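Notebook open, structure loaded. I want to look at the packing first and then at how the chains meet.

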Amino acid sequence: MSIVEELPAVPSPAPVEVPEPNYLNAGYTLRSWLLTTDHKRIGILYLISITFFFFVGGAAATLFRLELMTPGADLVESETYNKLFTMHGVLMIFFFLIPSIPAVLGNFLIPMMIGARDLAFPKLNLISWYLLVIGGLFTTWVMLVGGVDTGWTFYTPYSSTYSNTYVMVTAIGIFITGFSSILTGLNFIVTIHTMRAPGMTWFRLPLFVWSSYATSLINVLGTPVLAAALLLIALERGLGIGIFDPALGGDPILFQHLFWFYSHPAVYIMVLPAMGVESELVAHFTRNRVFGYKFVAMASLAIALLGFLVWGHHMFVSGQSYFAGVVFSALSYMIAIPSAIKVFNWTTTMYGGTIRWDTPLLYAMGFIGLFTLGGLTGLFLAAPSLDIHMHDTYFVVAHFHYIMVGGTVMAYLGGIHFWWPKMFGRMYPESWARFSAILIFVGFNLTFFPQFILGYTGMPRRYHIYAEEFQVLNVMSSAGASILGVGYLFPMCYLFWSLKYGKPAGPNPWNATGLEWQTPSPPPTENFPITPIVDEAPYAYHHKELTH
Amino acid sequence: MSEHQPHVTVKQYYGVFVALMVLLVVTILLAMVHLGALNTPVAMTVATIKTVLVMTYFMHLRYAARLVWLFAGAGAVWMAMLVGGTLNDYESRGWFTGRLGSVPVGEFQGVGTSEAIQLRSGSMPAAPGALDAAESVHREGRTKD
Amino acid sequence: MSDTTTAHAPSTLVHQFDDIEQQRLADTMGMWLFLATEVLLFGGLFTTFFVYRSMHHEAFIAACQTLDMVGGGINTGVLLCSSLTMALAVHAAQSADRRKLIALLLATMVLGLAFLVIKFSEYAHKYHEHHIPIRGMAFHFDGEEHGLDAAHAEETKLFYGLYFAMTGVHAAHMFIGLTILSILLVRALRYPTTTENYMPVEISGLYWHLIDLVWIYLYPTLYLIDLH
């Protein structure tokens, strides 16, 4: 007989799930985030920052759309109204749209898509984020102490001599943020050239990388000219150096040349990355190779190059020479071609594919339609004879919002949803997401389609007092804006919710092709335990089906 | 640095330096000669020769990858687009008349004053001197930068 | 070239690159891209100058004549010398010649400082002549002396404004360049100079040469307009 009594059986404790080390749990301190050089963490830092600026810019829009519900000046004074649309433009363009897809999705994905451990210059990447934040602080300070009322275009001599608002500080803030874009672009170009994994040739790159490369070219070559223009304005305001002062012979059109030399390519900075996301979404959610891959890749470069040659189409009625107007108009028509090539290729990609109507595809479909409409209306404006009537009217406002909101923001949201499981290891709730996508689409069209009509029938932009006959369409537009605003709040809420309560996602919940889906979700800090070797074309869905 | 990679020698550095100093003297001498409209293009050409020397030898482009040449040239090409596109506007002013034809550069009469506004828009200002008075109020009344 | 420092040079290969050649190519490309942005920044200022020179030709010629062409020429020579010393410094770094590197870095810095001293004395001269168009400083251009009427004399403010803006931005880049050189100097004093860790000197050299190149264009543009 054993003297050792048998001990009662102790139930073994539940197996402790030790999460795999990934970039999110590699350090929980604030310092580990604020001093990170991991491209994925920096992408998240950008995500938080630009979301903040988006909602502040949206708040400004809410106020002026409320004012525009009545023809008179009921809610705000004229000066305040001018400050509202200026801040809306400055924040949305420089602090939301230009960083959005490149700094959030580009930072996160480009090293993974090419099989690298990080970007070429990780510390420079962190500095880029800090530059955005510092520029944003300048702009936030300006908003709190009284704003700026020149319009985001800072036309002289109003901005340089006559405006009694904080022009210099805003110009300095945007100057600083410009360096954020320049350094990010520089980082991407060098990374894509020198750090592709073995076998990852140029024509095996995902189209998102091609678009990001083209965008980075514009960032690097265009932004410094804006810096020069803003520097001159800041010197004129701060030191009284007369550069654009009309009493000395200063020329307002010269400022417009310098300003638009950057600001036109800037709109391609805003749309090219969206086109890159669009290529990815269309390919992965129809499980088809992109039709005409090389054409799409080359079209991205063509848009980047041609985009630098058309800036004068913003100046048809400013006093630019007639001859220059004709040259810029012809070039502006030419740039429609590569954009159209892309649209044809996306639609053809879908033909014969296996379509899954998940949220990212809903956004992608919205993009195709809305971007096409916005692009076509750009052709209206590219004709000087039509532009005489439509310049500085709501037609222009509707045109660029169709591209920037109907296009870029939808692509951005589509991309966020598509790569959310990769970034956070959680799926978002599909039904809420589909509902929000549709709500956003409806709200968007109700907001901006009436504005085409308003502009065509003569309502000027940047006016808070308008003729009575425009009220009905303005009310429709403001109603649409409220739906759109609510529509944007939903993803904010459910995406945040999904961080804790979303369904855990595996490495490849979409069963998609691409190197980023070959890593765990969320990925480890170094992305790949061993450098991958690439031996097949991108979007090789035909292979997937065969070996299924 | 790998032993087999060619690189610029000290002798070449000194040689380029002498050439640059000579070209500096040439620049100054040529500026004093009357060449009319050619003075500016000539000065810019000499400056460009100096630039190419500095970039090729001091900045090691001679032995750098082709891609680096492309990046080195891109800045110059883009600046040419900026200057070219802008001067295209100014130099072609007055080529066409009509509503969109603008006044040729050089025919401005005191830009910004009431006469110039009259010249451009063909309309009379409210009262003689009224525009100037309003203007000075806006200039002096500014309190923020 | 034995040295007695015991500090180890910072490791040259960083984690994101696979080998040192890839890293060097990336560093070189990165710096050339940054130099392209600098070319375009100054390009915007040059464009402004060219347009105004075309629009206000007489005023610009008259104002240009008041600049010290000799001082500007000497400054150009000083910068060309500094480019030589910088190129030789890079060569010394590549050859792991620590003493030469330190001497040449110092020489480049001295020449850079000389440039700034000459430049600021030019500024002081302009101040005495009341040619600084800054708020709070009395500006007066003697139109009669140069054959200009009162309206055109006002236009010279555009020339001087751009002169100070362009040379000022250039001088700011000189200050940044001098800061970079002092960091390189400290690095050369602290750590061994090997044939492997010369890249920071090389890419800083590229930046320094750009500052020289900008001045190579600034000098004829600002100082040598229609001198005859």
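**Entry 1: a core residue.** I started from F159(C). Leaving out residues up to four places away in sequence, F159(C) touches F49(C), F60(C), A63(C), C64(C), L67(C), L222(C) and I225(C). I kept in mind that this is a predicted model.

**Entry 2: the cores.** Next I looked up the largest nonpolar core, which has 273 residues. Which of its residues touch the most other members? I got F94(A), M423(A), W32(C) and F159(C), so my starting residue is on that list by the rule for joining buried nonpolar side chains. Helix α8 of chain A, residues 252-286, gives the largest share of this core, 21 residues. Another core lies apart from it, with 15 residues. Its members include A61(A), Y81(A), L454(A) and Y466(A).

**Entry 3: chain B against chain C.** I then turned to the interfaces. This contact takes in 51 residues of chain B and 50 residues of chain C. The two chains bury about 4300 Å² between them, and carbon and sulfur atoms account for 77% of that. I looked for salt bridges across the interface and the rule gave 0. For polar contacts it gave 6 residue pairs, both residues at pLDDT 80 or more. On the chain B side, the elements that give two or more residues are α1 (10-32), α2 (39-58) and α3. The most comes from α3(B), with 14 residues. Sorted by class, this side of chain B has 35 nonpolar, 12 polar and 4 charged residues.

**Entry 4: chain B against chain A.** Same lookups, other partner. Here 27 residues of chain B are in contact with 40 residues of chain A. The buried area comes to about 3100 Å², with 63% from carbon and sulfur atoms. How many salt bridges does the rule find across the interface of chain B and chain A? It finds 0. I also noted 6 residue pairs in polar contact between these chains, both at pLDDT 80 or more. The chain B elements giving two or more residues to this side are α3 (66-91) and α5 (130-140). Again I wrote down α3(B), which supplies the largest share, 11 residues. The class split on this side of chain B is 11 nonpolar, 9 polar and 7 charged.

**Entry 5: one threonine.** Last, I checked T184(A), which sits in helix α6 of chain A, residues 167-194. Is T184(A) buried or exposed? It is buried, because its relative accessible area is 5%, under the 20% cut-off. Beyond its neighbours within four places in sequence, T184(A) is in contact with Y46(A) and S128(A). I also noted N219(A), 35 residues away along the chain, with its C-alpha atom 8.2 Å from that of T184(A).

Note on methods:
Residues numbered from 1 in each chain as written. Chains lettered and ligands numbered in written order. Predicted model: local features only at pLDDT ≥ 70, side-chain atom pairs only at ≥ 80, totals over all residues. Heavy atoms only, no water. Contact = heavy atoms within 4.5 Å. Buried area = accessible area lost by both parts, 1.4 Å probe. Salt bridge = Lys/Arg side-chain N within 4 Å of Asp/Glu carboxyl O. Polar contact = N/O pair within 3.5 Å; in protein donor to acceptor, adjacent residues only side chain to side chain. Helix = DSSP H or I, 4+ residues; strand = E, 2+ residues; numbered from the N terminus. Nonpolar A, V, L, I, M, F, W, Y, C, P; charged D, E, K, R; others polar. Buried < 20%, exposed > 50% of the residue type's maximum accessible area, 1.4 Å probe, protein only. Core = buried A, V, L, I, M, F, W, Y, C linked by side-chain atoms within 4.5 Å.
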